[in-house]
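Here are a few quick notes from my look through this one. Could you read them with the viewer open?

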Amino acid sequence: MLFRSLALLLMLSRAEALHVSRSGPILASATTSSGWAINDLTPDGRLMQRVEGQTRKTWTFKDYSRDRVQVAVAGTSEARPIHSEIQLWIGPDWTPFTLKAYSEDGKKRPIQTLIGTRNKAAMIEVRNTGEYEFPFNAASNYPKGAMATLAEDLPATTQGELIQGNALRSFNLKSGTTQLELILKTDGKQLNARIEMLDGPNNPKQCYEVFTNNGELNSLVVCFDVEQYAGNTLRIMNLAPVEFPCSDGYDCAVARRERSECGKCPGMPFGNYASRADASSLCRRELALC
């Protein structure tokens, strides 16, 4: 019998130089504005709110035709940590999705995520669980352009890898990596996992811990801004119990798509591609040049 396992779709992209341990070849491309930043989410700043320590702010969404919202949390100054908790509310007393997020430096490594709303009227709460001395800025809005279909486009162009319950996987990043996208997904069962970006042994610079009762409708989609030097490691821990049985068929996968600039590959800004699928296809063709 198959046991409960976590369907983790890991997308590593928008990286100038990236290597995943035990993975295949490296793909190539350059990077421009990614659409993840808080300034991309609210260019005029109207949706940005300052969240003081031990307080919370909320955003309301009522478009039943949209199934996902984008959230960004950024530090107000350099070298200030972020301790936050992001929740999805549907109705007066149902919270199907909770994400605890930490960043050692909220300016260099902001919290950036996409959250599924299940095509319902929803509210996003961002809570500052840190001390009063560490406020941050937060914003939430419906994603636009390529960001609106990111959760579907990346799995469609990337292979998957299974992560069993209580299992751990790590992926090493090469020097020069600038950004990393990650999708964790199940086949409809609960999603309970922890993701860490490490700099050295057990030295997490940024962490996400997610719990949702449905990892398909509320898959975790996050983006890491990464320092451009060697030594970064992505660590994923499936916190769900291995005893939990699953239905027949595939449970989940860790899929990855990497892009880098090796000097021989032409490399184009991401915005010049007709679509993310076209970008992935072009990178694979250019791989032979490296």
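The points below cover one strand residue and two loop residues.

1. First, a reminder that this is a predicted model, and the remarks below should be read as remarks on a prediction.

2. Start with R50, which you'll find in strand β2, the stretch covering residues 49–51. Is R50 buried, exposed or something in between? Its relative accessible area comes out at 45%, so R50 is partly exposed, given that the exposed class begins over 50%.

3. Next, the surroundings of R50. Leaving aside residues up to four places away in sequence, R50 touches K57, T76, P135, F136 and N137. Have a look at A139 as well: it sits 89 residues from R50 along the chain, yet the two C-alpha atoms are 8.9 Å apart.

4. What does the side chain of R50 make a polar contact with? The partner is the side chain of E52, at 2.7 Å.

5. Now for the backbone at A79. This residue belongs to the loop that links β4 (68–75) and β5 (82–89). Phi of A79 is positive, near 60°, and the residue is not a glycine. A79 has 57% relative accessibility, so it counts as exposed, the cut-off being over 50%.

6. Please check N166 too. Where does N166 lie? It is in the loop between β10 (163–164) and β11 (168–172). Here phi is about 65°, again a positive value in a residue that isn't glycine. With a relative accessibility of 55%, N166 counts as exposed.

How values were computed:
Residues numbered from 1 in each chain as written. Predicted model: local features only at pLDDT ≥ 70, side-chain atom pairs only at ≥ 80, totals over all residues. Heavy atoms only, no water. Helix = DSSP H or I, 4+ residues; strand = E, 2+ residues; numbered from the N terminus. Buried < 20%, exposed > 50% of the residue type's maximum accessible area, 1.4 Å probe, protein only. Contact = heavy atoms within 4.5 Å. Polar contact = N/O pair within 3.5 Å; in protein donor to acceptor, adjacent residues only side chain to side chain.
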